[in-house]
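The two exercises below are meant to be worked with the sequence and the coordinates side by side. Try each task before reading its solution.

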Amino acid sequence: MKNNQLITRREAIIAGVASLGALILPGCTKPMPPTYGSILRMGDALTYLSHKALLPGQALAPEFRHSEISSYPATWNTTPEKKGQPYFDERFDRLQYNAFADYGLSVEGCVDHPGSFSISDLQKLPSQTQITRHTCEEGWSAIAEWTGVPLRHVLQTVGIQAQARYLYLFAYDGFFESIDLLDGFHPQTILAYGMNGRAIPVQHGAPLRLRVETQLGYKSVKALERIVVADKFPDTGNTGWSWYAGI
Ligand SMILES: Nc1nc2c(c(=O)[nH]1)N[C@H]1C(S)=C(S)[C@@H](COP(=O)(O)O)O[C@H]1N2
Ligand SMILES: [Mo]
């Protein structure tokens with residue numbers, strides 16, 4: 001499944017994020033318009049603007065029938081040495097050992113009530129099930145059923161502040177992505193704890209993965225550890241993947 005180029009890009013993302021850690025960790029500073037760190041990123045702006053113009057408001061991604069659910073190739077979130085192994089690190093290993101009972105999704109940044117949500121906390125919020133197509137930038141796609149809580153309910157629970165613009169998504173394997181609040185509040189954007197009627201397996205993002213049905217697969221961050229609500233565009237440099245990946 002995995003090619004070297006993809007690994008290189010993932011590593012570039014992770015390295016970029018690590019070097020920016022100090023800058024982006026606070027998440028919430030003074031109000032600012034989005035910035036694009038390099039001229040390469042102008043393509044993002046154009047795609048973003050044309051996509052939002054063509055599909056005003058909250059256009060929905062197509063949904064499918066049960067009979068259309070397909071087998072879903074897992075993209076293992078590991079470094080090359082760990083390839084094929086289900087564990088990302090000791091912290092994740094411990095969480096998995098306790099069947100994720102100690103897991104908590106931290107939601108922080110430009111919010112009134114930062115907090116941590118266990119899977120059972122999230123299951124007490126309204127749940128939603130949708131059968132959608134995942135499209136990977138590598139050229140494959142697959143259809144699965146996802147069950148979870150619409151992200152907007154979690155964002156409403158923590159209380160988004162006026163200067164909030166983006167959501168930074170941190171995963172246990174060091175993977176990082178970000179989306180804007182329009183996609184964060186999109187009716188099909190869910191924090192999924194279920195896949196095809198069962199708890200999500202580790203290779204598909206246990207215990208919690210984001211589903212951003214309006215964008216390419218890499219926005220659907222697996223093994224989510226932390227969401228930071230931020231006022232600044234997170235410029236992680238040129239990762240080779242465009243920031244706005246509308247489909
Ligand atoms: N944490 C994390 N999430 C991730 C990735 C990753 O490497 N790490 N890869 C992304 C990409 S590029 C794709 S295509 C999908 C793959 O999802 P799957 O493994 O469930 O098929 O996860 C996305 N989310
Ligand atoms: Mo992907």
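Contact here means heavy atoms within 4.5 Å. The model is predicted, and both exercises should be read with that in mind.

**Exercise 1.** Describe where N196 lies, and determine which residues N196 is in contact with once its neighbours within four places in sequence are left aside.

Solution. Begin with the chain itself, where N196 is found in the loop that runs between β7 (190-195) and β8 (198-199). Next, apply the contact cut-off, leaving aside neighbours within four places in sequence, and the partners of N196 are I69, A144 and E145. For I69, the two residues are 127 residues apart along the chain, yet their C-alpha atoms are separated by 8.2 Å. Finally, consider accessibility: N196 has a relative accessible area of 33%, and because buried means under 20% and exposed over 50%, this residue is classed as partly exposed.

**Exercise 2.** Characterise the surroundings of ligand 1, first by the residues around it and then by individual atom pairs.

Solution. Start with the shell, in which 22 residues surround ligand 1, the closest being P73, T75, D173, H204 and K222. Sorted by class, this shell comprises ten nonpolar, seven polar and five charged residues. Then turn to the atom pairs: a backbone N or O atom of P73 lies 2.6 Å from an oxygen atom of the ligand, while a polar side-chain atom of D173 lies 2.8 Å from a nitrogen atom of ligand 1. For Q203, a backbone N or O atom is found 3.5 Å from an oxygen atom of ligand 1. As a last step, compare areas: ligand 1 taken alone exposes 540 Å², of which the protein buries 100%.

Note on methods
Residues are numbered from 1 along each chain as its sequence is written. Chains are lettered from A and ligands numbered from 1 in the order in which they are written. This is a predicted model: local features need pLDDT of at least 70, side-chain atom pairs count only at pLDDT 80 or more; totals for chains, interfaces and linings use all residues. Side-chain values use heavy atoms; hydrogens and water are left out. A residue is near a molecule or strand if one of its heavy atoms lies within 4 Å of it. A polar contact is a pair of N or O atoms within 3.5 Å; within protein, one must be able to donate a hydrogen and the other to accept it, and residues adjacent in sequence count only if both atoms are side-chain atoms. Accessible areas come from the Shrake-Rupley method with a 1.4 Å probe; for residues, only the protein chains shown count as cover. Ala, Val, Leu, Ile, Met, Phe, Trp, Tyr, Cys and Pro count as nonpolar, Asp, Glu, Lys and Arg as charged, and the others, Gly among them, as polar. Helices (H or I, at least four residues) and strands (E, at least two) are DSSP runs, numbered from the N terminus. Buried means under 20% relative accessible area, exposed over 50%, partly exposed in between (1.4 Å probe, protein chains only).
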